[in-house]
Structures are given as C-alpha cells and as structure tokens.
Amino acid sequence: MPDKSTSSDAPAPTATETPQAPSPARKIYPIVKYGDAILEKPTAPIKKFDAELEQLAEDMFASMYAAQGVGLAAPQIGLSLRIAVVDVTVGKNPEAKIVLANPEIVHAEGEVREEEGCLSIPGFRGYVMRPQFVTIKAQNAKGEAFEIRGENLLARAFCHEIDHLNGILFLQHLSMLKRDLIKRKIKKLRKQGEW
Ligand SMILES: [Zn+2]
C-alpha cells in the first residue's frame, strides 16, 4: 500500500560500501499499474508452501522496498495469488517484515480516516476510512498459521493488502466524485503515454 512519499519519481539507488552478509540476488518485479485487469480480480488461495513460495515472498519484499512501499500484494507484480507482504518500517527493522499468505480479517475495531496511496496508482492519494485496530489470521511463507493485531498504519496496511487480494483498490473507498477525478486524470496520462 501507501507509498511513503507523494512523489512518483523512482527512488535513487543508494550506493553502499558497508560489507553485507551474502544473500541471494533478489528479483525486483515491475509494479503493475491501475488499468490492468489483474488488479481487480480476486486471487487464488495459496495451497503449496515450498522453497519457491519463500523465494517469492523475499522477492516481493525486495520489490516493495525498491518502490518505497510499506505493503505489496501479489497481483501488483502480476500474480493472482493470495499472498502479500507488509513492512511499515520500509526495511529499517527486519523484524517488522510480515508475510501474509491467505490472510483474513477476524476482528476490526474503531475508525480512522487517513490519506492513503498505492504503488499501483502512483501520484494519487485519497482519504480512506479504515479500522483503527484489526486482528488478522494468516499463514507465513512456511505455511504456519498465526494471528496478528495491527494498529493505525499497520491496521491500514493489512486492510489495504487484503483488499488487493480480493480485487479491491483504495479508489473504491473514495467518493464517486474523487474516484472519477482520479480515473479521468489517469486516462489522460495513459493517452499521453505517461501511465
Ligand atoms: Zn495498493
């Protein structure tokens, strides 16, 4: 979900000279943009938990960090699968990495209206009402079931990503007026070859 900045510029690559632990090269997927039908179609449940799925989850984190996002769902990289990744620290805290396979909301509480964006709809934001707290159940990349409670931004990220897995974009939570305005602007951008 929410891109950290309002800018749609690609993040500048950061050169690092600090030695790092060897890690397998990660595939950075291009992000599918609004207009592609895959974003508005419900995903298929994950049934097979294997090394390939663990790889996919790590590649999704890498792709999300490259795009400066705090959440990424499989349809956004062109895969109609019920898996998403979330990290509201954008890679600053390795313990904040959350893989959500087959996630479902089991409890929601409160309401917060806050501005939201989406990596698939770069450059556009809108106010969306979301629960202040949500508890979700999901499986990790190994297939182990867990429950997790999120508050504020984390709750918003969970809801936004689970929406993606159900084929729903944040645009659908906006007023018709605001939604149509954004759609018209995107149409224009597409005509100009800028989308
Ligand atoms: Zn999104």
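What span should the 13 residues of helix 2 have at 1.5 Å a residue, and how far apart are its end C-alpha atoms? At that rise helix 2 should span 18 Å, and its end C-alpha atoms are 18 Å apart, so the two values agree. The model described here is predicted.

**Overall make-up**

The protein chain contains three helices and seven strands. Their sequence order is α-β-β-β-β-β-β-β-α-α. Of its 195 residues, 42% count as buried. The protein chain exposes about 10,700 Å², and carbon and sulfur atoms supply 52% of that area. Among contacts with a separation of 6 or more, residues 24 or more positions apart account for 67%.

**The sheet**

Five strands form an open sheet in the order 1-2-3-6-7, with antiparallel pairing. Strand 1 (71–73) and strand 7 (145–151) are the edge strands, since each pairs on one side only. On average, neighbouring strands of this sheet are turned by 35° against each other, direction ignored. Strand 6 (residues 133–139) and strand 7 run antiparallel and are joined by seven bridges. In one of these pairings, Phe133 has Glu151 in strand 7 as its bridge partner.

Two helices pack on this sheet. Helix 1 (residues 51–66) touches strand 1, strand 2 (83–86) and strand 3 (98–109), and its direction makes about 45° with that of strand 2. Helix 2 touches strand 1, strand 2, strand 3, strand 6 and strand 7, and its direction makes about 125° with that of strand 7.

**Helix 2 and the zinc ion**

Helix 2 is mostly covered, with twelve of its 13 residues buried. The buried residues include Leu154, Phe158, His160, Ile162, His164 and Leu165. Charged residues do not escape this cover: Arg156, Glu161 and Asp163 are among the buried residues of helix 2.

Which protein atoms are the donors of the zinc ion? They are Cys118 (SG), His160 (NE2) and His164 (NE2), lying 2.0 to 2.3 Å from the ion. Along the chain, the donors follow the spacing C-x41-H-x3-H. Cys118 lies in the loop between strand 4 (112–117) and strand 5 (125–130), while His160 lies in helix 2 (residues 153–165), so this pair ties together parts that are 42 residues apart in sequence. Cys118 and His160 are both buried.

**Residues with positive phi**

Most residues other than glycine have a negative phi. Against that background, two asparagines stand out. Asn102 has a positive phi near 50°, and Asn152 has a positive phi of about 50°. Their places and their cover are set out below.

| Residue | Place | Relative accessibility | Class |
|---|---|---|---|
| Asn102 | strand 3 | 16% | buried |
| Asn152 | loop between strand 7 and helix 2 | 35% | partly exposed |

Why does Asn102 count as buried? Its relative accessibility is 16%, and buried means under 20%. Asn152, at 35%, counts as partly exposed, because that class lies between 20% and 50%.

A glycine also takes a positive phi: Gly167, just after helix 2, has a value of about 80°. Helix 2 thus has Asn152 in the loop between strand 7 and the helix, and Gly167 just after the helix.

Note on methods. Residues numbered from 1 in each chain as written. Predicted model: local features only at pLDDT ≥ 70, side-chain atom pairs only at ≥ 80, totals over all residues. Heavy atoms only, no water. Donors = N, O, S within 2.8 Å, 3.2 Å for Na, K, Ca; no water. Helix = DSSP H or I, 4+ residues; strand = E, 2+ residues; numbered from the N terminus. Buried < 20%, exposed > 50% of the residue type's maximum accessible area, 1.4 Å probe, protein only. Contact = heavy atoms within 4.5 Å. Areas by Shrake-Rupley, 256 points an atom, 1.4 Å probe, with all protein chains shown as cover. Pairing = 2+ DSSP bridges. Axes fitted to C-alpha atoms, helices over the stretch in contact; angles between N-to-C directions. Expected span 1.5 Å × (residues − 1).
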